[in-house]
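User: I would like to learn how to read the features of a model at the bench. Can you take me through one, step by step?

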Amino acid sequence: MSAQDHAQPAPDAVLPGQTVKHNPLLDFSGLPDYAQVRPEHVQPAISQLIAEARQALAQATDPSTPARWETVVDPLSVATERLSRAWGMASHLNAVADTPALREAFNAALPEITEFWTELGADARLYAQYKRLHASLAFTALSPTRQRIIEHALRDFRLGGAELQGADRQRYAQIQERSAALAQRFSENLLDATNAFTLHAQADAVTGIPDDVLHTAQDEAAKAGKPGFLFTLHQPCYFPVMQYAQGRALRERMYRAYVSRASELGDPALDNSPVMAELLQLRDEEARLLGFANFAELSLEPKMADSPEAVEKFLLDLARRARPYAERDLRDLRSFAAEHLGLPELAAWDIAYASERLREARYAYSEQEVRQYFTEPQVLAGLFDLVQTLFGIRIREDDASSGGAWHPEVALWRVENQQGELIGQFYTDLHARPGKRSGAWMDDARARWLRPGRHLQTPIALLTCNFAAPVDGKPALLTHDDVQTLFHEFGHGLHHLLTQVDDLSASGISGVEWDAVELPSQFMENFCWEWDVLQRLT
Ligand SMILES: [Zn+2]
């Protein structure tokens with residue numbers, strides 16, 4: 001089967017007047033075509049989709065429209081899902097393929113889309129429609145899933161400011177817009193500060209650092225027209241340097257640069273301190289506007305934990321139990337470092353280095369040595385093998401060219417049931433590179449949804465990591481930490497992909513209490529410690 005066979009356009013895929021062939025952000029017929037997205041596509045697509053969503057909102061809240069699932073929830077979902085998907089594409093590219101032009105286009109559209117979501121979430125007429133639906137006989141005939149979606153929606157209207165009036169309502173909207181801009185600014189500052197730092201070193205200062213890291217650092221130096229090595233704060237460089245560099249001065253400079261990124265200790269233009277201070281103040285104000293004592297209370301309202309006190313009690317209890325073991329480990333590490341490494345005072349930049357030496361000495365275990373066994377293709381094959389056995393599914397590589405990927409290293413995979421029917425697809429983008437945010441995450445590009453009109457839309461997930469890229473055409477090598485990260489994100493991906501829920505607002509990761517969303521990911525992590533599984537990965 002080809003990648004296209006599932007992609008008959010949904011009945012509503014192309015609205016009249018859309019210029020699908022010109023703007024990939026307005027094409028919902030198949031896989032998202034990331035490769036074709038240009039910065040100039042963002043604003044027109046978002047404006048058009050917001051206009052369409054406003055139309056749907058006007059229709060859903062018209063006095064003549066009955067308060068029913070089919071007349072209110074369905075048509076609005078159709079319009080807002082398109083907006084979410086288009087914006088999701090722009091956001092994803094902003095996170096993994098940042099360019100000055102795309103960033104500008106993203107930021108230009110951000111206030112408009114934030115304003116729309118804020119208005120929608122607080123729309124008094126729509127809130128009234130949902131309340132009517134909730135109170136009607138039709139509600140009792142809805143499936144338990146749909147009843148829950150309506151109840152969540154009513155809660156979200158309250159938390160979205162739908163009960164606020166006058167100046168409070170205006171202020172609430174201002175807070176949303178400002179917070180969205182600040183959150184984006186925070187990420188930009190962090191990315192820019194990470195990219196801005198390089199450390200140039202000569203051969204005599206790099207003893208202990210693994211060959212492949214040095215190889216990359218040498219390439220970086222050559223690109224900058226310098227001899228020697230150029231180290232960066234990107235994860236595949238930073239972590240091995242901290243674990244292996246024998247030169248303490250080098251570790252200290254790297255450590256200080258890393259922990260003070262985007263802080264008051266660096267370039268004032270990239271300082272996130274005022275950004276955080278203002279965000280905190282806005283969160284507090286927002287919580288009080290909505291009648292909560294503080295933001296923690298507001299944040300917990302849609303979560304499983306009952307109260308800030310319960311969260312604090314849990315954390316303090318955990319800390320109390322863990323602390324003696326952590327203190328024992330630290331004592332152990334200190335005496336090892338003093339005795340064997342000539343480090344009588346263990347500084348923050350010595351911890352990773354000394355820990356690695358201790359592991360080597362005591363358990364004959366070297367993270368670096370273990371890496372050679374975890375080649376990326378083998379780890380992926382083992383992971384897929386495991387989930388195929390666990391969940392009775394099949395995973396195979398799909399043709400990413402039909403839905404253009406944003407980078408040549410990106411792969412597309414399809415998940416099928418035993419009969420070969422498509423369940424969902426996911427993209428993997430595993431290696432660090434400039435213009436890509438650090439860390440690892442799973443995002444949804446499209447959710448499973450039995451659309452109005454009974455067309456089943458299959459889910460698409462995005463798995464993003466920041467592992468070291470392959471060197472010299474050899475397969476990329478993962479650390480055991482990387483393997484855990486991959487399993488973790490894959491757990492989120494499975495949560496999103498294997499959902500059997502047909503309703504958009506409750507399928508996959510949607511509608512899940514956010515303090516429970518780590519369950520599938522941590523479940524998958526456990527397998528990284530199973531010998532049977534490890535054998536399949538190596
Ligand atoms: Zn997670």
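**Reading the model**

Analyst: Start with one residue: arginine 132 sits in helix 4 (residues 124-135). Helices here are DSSP runs of H or I with at least four residues, strands are runs of E with at least two, and both are numbered from the N terminus. Residues are numbered from 1 along each chain as its sequence is written, and the model is predicted, so local features need pLDDT of at least 70, side-chain atom pairs count only at pLDDT 80 or more, and totals for chains, interfaces and linings use all residues. Side-chain values use heavy atoms, with hydrogens and water left out.

User: Is arginine 132 buried, exposed or partly exposed?

Analyst: Learn the cut-offs first. Buried means under 20% relative accessible area, exposed means over 50%, and partly exposed is in between, with a 1.4 Å probe and protein chains only. Arginine 132 has a relative accessible area of 48%, so it is partly exposed. Its C-alpha atom is separated by 6.1 Å from that of alanine 67, 65 residues apart along the chain.

User: What do C-alpha separations look like for threonine 61 and glutamine 43?

Analyst: Take threonine 61 to begin with. It is in the loop between helix 1 (39-60) and helix 2. Its relative accessibility is 10%, so threonine 61 counts as buried. The C-alpha atoms of threonine 61 and alanine 124 are separated by 9.4 Å, with their positions 63 residues apart along the chain. Now glutamine 43, which lies in helix 1. Glutamine 43 is partly exposed because its relative accessible area is 28%. From glutamine 43 to proline 210, the C-alpha distance is 45 Å, and they are 167 residues apart in sequence.

User: Which residues other than glycine have a positive phi here?

Analyst: The general idea comes before the cases. Most residues other than glycine have a negative phi, and most peptide bonds are trans. Alanine 262 has a phi near 50°, a positive value. Alanine 262 lies in the loop between helix 10 (248-259) and helix 11 (273-289). With a relative accessible area of 9%, alanine 262 is buried. Arginine 454 also has a positive phi, near 70°. Arginine 454 is in the loop between strand 7 (449-450) and strand 8 (456-457). At 65% relative accessibility, arginine 454 counts as exposed.

User: How should I read the metal site, and which atoms coordinate the zinc ion?

Analyst: Look for donors: N, O and S atoms within 2.8 Å of the metal (3.2 Å for Na, K and Ca); water is not among the atoms, so sites may look incomplete. The zinc ion is coordinated by His488 (NE2), His492 (NE2) and two OE atoms of Glu518, at 2.1 to 2.7 Å. Along the chain, the donors follow the spacing H-x3-H-x25-E. Histidine 492 in helix 17 (residues 480-497) and glutamate 518 in the loop between helix 17 and helix 18 (519-525) link distant parts of the chain, 26 residues apart. Histidine 492 counts as buried because its relative accessibility is 9%. Glutamate 518, at 31%, counts as partly exposed.

User: What is the geometry of the zinc site?

Analyst: Four donors are tetrahedral if all angles lie between 85 and 135 degrees; four are square planar and six octahedral if opposite donors are over 155 degrees apart and all others between 65 and 115; anything else is irregular. The angles among the four donor atoms of the zinc ion run from 52 to 141°, and the site is irregular.

User: How many cavities are there?

Analyst: Rolling a probe the size of a water molecule over the atoms shows where empty space is left. On a 1 Å grid over the protein atoms alone, a cavity is a set of points where a 1.4 Å probe fits but cannot get out, and lining residues have an atom within 4 Å of a point. Points are joined across faces, edges and corners, and a volume is the space filled by probe spheres set on them. The count is three cavities of 30 Å³ or more. The largest cavity holds about 80 Å³. Its lining includes Asp27, Phe28, Tyr34 and Arg446.

User: Where does the second largest cavity lie?

Analyst: Domain 1 (24-164) and domain 3 (376-537) both give residues to its lining, so the second largest cavity lies between them. Those bounds come from an automatic or database domain assignment. The second largest cavity has about 60 Å³ of space. Trp69, Ile149 and Asp503 are among its lining residues. Helix 2 gives the largest share of that lining, four residues.

Terms used: 1 Å grid on protein atoms, 1.4 Å probe; cavity = no way out; pocket = protein on both sides within 12 Å on 5 of 7 lines; lining within 4 Å.
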